[in-house]
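Student: I have a structure to go through. Can we take it question by question?

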Amino acid sequence: MSPRLWSLARQLLVLQLVVVAVLVAGGVGAAYVQISQANQRSARDKVLAVAWTVARMPAVADALRLGDPSAVLEPVAEQVRLATGTDFVVVMSPAGIRYSHPNRAEIGQYFRGHITEAVAGHEVVETYTGTLGPSIRSVVPVQRDGRVVGLVSVGVTLVAVDRDLRRQLPLLLAAAAVALLLAGAGTAWISRWLRRQTRGLGPAQLARMYEFYDAVLHAVHEGMLLLDRDRKVQLVNDEARRLLDLPDDVVGKRVDLVGLPDSLGESLAGDRRRTDEIHLCGDRVLVVNEAPAAWEGRELGTVVTLRDHTDLQALTGELDSVRGFAESLRSQAHETANRLHTVISLVELGRTEQALDFAAAELAVAQRLTDQVVGGVGEPVLAALLMGKAAQASERGVDLVVDPNTEVTETGIDPRDLVTIVGNLLDNAIDAAVAGPAPRRVEFTARTVDGEMVMSISDTGVGLDPADVLRAFERGWSTKGGGGLIGRGLGLALAGQAVRRHNGTVEVTTEPRTTFSVALPA
C-alpha cells in the first residue's frame, strides 16, 4: 500500500519513529564526540601533570649530573609509567638525547617532537607521531639553580585514548537503545490513541470529509447547533447565526449564556428531546427540533435544528383571516336565506307592507355596520378584517361594535402585520367575551394621531388577572386549557412580536374591563 493511503495514525507513527531515530543517532554521535574530546583533554591534563611531577623529583635532577644518567633514570621512568598508566616517560638532555624510553633501543636517540619551548623554560603539549605512533604528549623542563638541565616528556598514544573511549561506547549505546525503546513505546501509544480518534482515516480522507461536511453545514437552509453533553456550543452554522443573531465567540459557551431569549435558552439548556417546538426569537418565529448525537452507542451531545417560520406563520394568519371571511360569508348567506324566505312568505301571505318593513330594517342594520367600517377605516385590509370578525362574532353570540369615532387613513403598515396584530387581539377578545356573562360585547376603536395609528380593543369577558398582564405576550401562556405550546399561547405572542417589529407599543389595562391598546408609527 502506498504511504499516501496509510491512516493518519500510521503516517505519524512512522514519521515520529524516523524523527526519534535521527535525534537519538545525532545525540549518540554528539555524545561520542564530546566523550572523545573529554578523553583527549583528560589525557593532556594527565600527561602534563605526570611530566611536571617527574621533572620536580630531586632524584631526576641529581641523576642528570651523572656521567651515565640512564642507569638511574630508566628504572625511575619505567616505574612512573607503569604507576600512572601512560605509554611513555622519557627523560632527555636539553639537546633532546633520550636517557629513558620504554623501548631500550631508543635510549641515546634523539627525541621526536618539539622541544624548543621547553628548553626555553615553558611547557609544551601536542599531538605528535613518534616511535610509538600518534600520541598526546607533554614536554616540560627540569630546572636546577634556574637553569634547564634536562627535559621530561610523558605521552599517551591515541590508540590508548581510543581504547578508553571504546570501553565507554557500550554504555552509550545502551542508553541510546533505552531511549529508542521508550520513545517507540510512547509513539506507539500516541498512534493507537490517534487511530481511535481519527477512526483509522488518512489525512486526505479527513481533509475531504472536513471539506464536504463544512460545505454541507453552511449550505443547508436550516440553522444548526451542535451542543456537547454539558450543553456548550461546539458548532454553529451560518443560518443559525443569522436566525439567532449570535456573536462570533459563541463556541465553548453554554447555550443559555450566548444571548438567546430566556425561553429558548432555558429550553435548549434542558436535556429533554424536542420536536417542532415553536419559539419567538426577536422578530422571528422559529421551529426548534432537538435530537441526541451518538457514535457507536456513546452519546456525544445534541443536534439542534432551527427553521424560520416567520413568513409561514404570517401566511397562516392571513389564511385564518380568509377562512374567517369565508365563514362569515357562509353565516351571512345562511342568515340572508332565512330573511329572504321570511320576506317571500310575507308577500305570499299578502302582507306586502310588513315584508317591505322587515326587509328595510334588516338592510339598515347590515348597512349601518358596513357604512361605519368603510366610512371610518381607510385601510382596506383592516376594513375587510373588521367585517369578517364582526360576522364571526355575531355567529358566536358576541356583538362586535366599531366605535363611531373610528377614523383611520391608509397607514403604510405591512398588511400582514396589521392582520396579525388586529386579528389575534380580536380573536382573543371574542374568546374572552364568549366565556363571560351576557350581554357579550367587543368594542374596537382606532384613530390616527400625530403620525401614529392608535387602536383599542376591549371585551366584556371575565377579565385578565393583573398579575398575568406581563405574561400575556409570552409564548405558551394562555388562559385556555389544552393545545400545548403550539396550539395555545401563540396568538398574543405573535401580535406582540409584530408590534415590536414596527417599533410600536402595547398597553394592557384590566379596569373597568380588559383593554388592549396598541400604538404603531403610521
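The questions below go through the cores, a helix, the sheets and some backbone details of this predicted model.

Student: Which residues of the largest nonpolar core touch the most other members?
Tutor: This is a predicted model. The largest nonpolar core holds 35 residues. Those touching the most other members are Val-442, Phe-444 and Met-455.

Student: Which element gives the largest share of this core?
Tutor: Several elements give two or more residues to this core, among them helix 11 (380-395), strand 11 (441-449) and strand 12 (452-459). Helix 14 (491-501) and strand 14 (515-521) are also on that list. The largest share is eight residues, and it comes from helix 12.

Student: What is Met-455 in contact with, leaving aside its neighbours within four places in sequence?
Tutor: Its contacts include Ile-421, Val-422, Thr-445 and Ala-446. Phe-516, Ser-517, Val-518 and Leu-520 are contacts of Met-455 too. One more contact of Met-455 is Phe-444.

Student: How many residues are in the other core?
Tutor: Another core lies apart from the largest one. Val-47, Val-50, Ala-61 and Val-161 are among its members. Its size is 26 residues.

Student: How far apart are the end C-alpha atoms of helix 3, and what span should it have?
Tutor: Helix 3 covers residues 70-84, which is 15 residues. At 1.5 Å a residue, the span should be 21 Å. The computed distance agrees, because the end C-alpha atoms are 20 Å apart.

Student: What arc do the buried residues of helix 3 cover?
Tutor: The buried residues of helix 3 are Ser-70, Leu-73, Glu-74, Ala-77, Val-80 and Arg-81. They lie on the same side of helix 3, because the arc they cover around the axis is only 135°.

Student: Which exposed residues does the face of helix 3 turned away from its buried side carry?
Tutor: An α-helix has 3.6 residues a turn, so residues three or four places apart point the same way. On helix 3, the face turned away from the buried side carries Ala-71, Gln-79, Leu-82 and Ala-83.

Student: Which residue just after helix 3 takes a positive phi?
Tutor: The phi there is about 75°. The residue is Gly-85.

Student: Which strands stand at the edges of the open sheet of five strands?
Tutor: The strand order is 6-5-9-8-7, with antiparallel pairing. Each edge strand has a single partner strand, so one side of each is left without a neighbour in the sheet. The edge strands are strand 6 (233-236) and strand 7 (274-281).

Student: What is the average twist from one strand to the next?
Tutor: Strand 7 and strand 8 (residues 284-295) run antiparallel and are joined by six bridges. One bridge pairs Cys-281 with Arg-284. In this five-strand sheet, the twist from one strand to the next averages 25°.

Student: What angle does the direction of helix 8 make with that of strand 7?
Tutor: Helix 8 (residues 262-269) packs on the sheet. It touches strand 5 (223-228), strand 7, strand 8 and strand 9 (298-308). Its direction makes an angle with that of strand 7 of about 155°.

Student: Do strand 10 and strand 11 run parallel or antiparallel?
Tutor: Four bridges join the two strands. In strand 11, Phe-444 is the bridge partner of Val-402. Strand 10 and strand 11 run parallel.

Student: Which residue takes a positive phi in the hairpin of strand 11 and strand 12?
Tutor: Strand 11 and strand 12 pair in the antiparallel sense over eight bridges. One bridge pairs Val-449 with Glu-452. The hairpin has two residues between the strands. The one with phi near 50° is Asp-450.

Student: Which residues does a cis peptide bond join?
Tutor: Omega is about -5° at this bond. Pro-439 sits in the loop between helix 12 and strand 11. The cis bond joins Ala-438 and Pro-439.

Student: Is Asp-145 buried or exposed?
Tutor: Asp-145 is in the loop between strand 3 (133-144) and strand 4 (147-157). Its phi is positive, about 55°, although it is not a glycine. Its relative accessibility is 74%, so Asp-145 counts as exposed.

Technical notes
Residues numbered from 1 in each chain as written. Predicted model: local features only at pLDDT ≥ 70, side-chain atom pairs only at ≥ 80, totals over all residues. Heavy atoms only, no water. Core = buried A, V, L, I, M, F, W, Y, C linked by side-chain atoms within 4.5 Å. Buried < 20%, exposed > 50% of the residue type's maximum accessible area, 1.4 Å probe, protein only. Contact = heavy atoms within 4.5 Å. Expected span 1.5 Å × (residues − 1). Arc of directions from axis to C-beta. Pairing = 2+ DSSP bridges. Axes fitted to C-alpha atoms, helices over the stretch in contact; angles between N-to-C directions.
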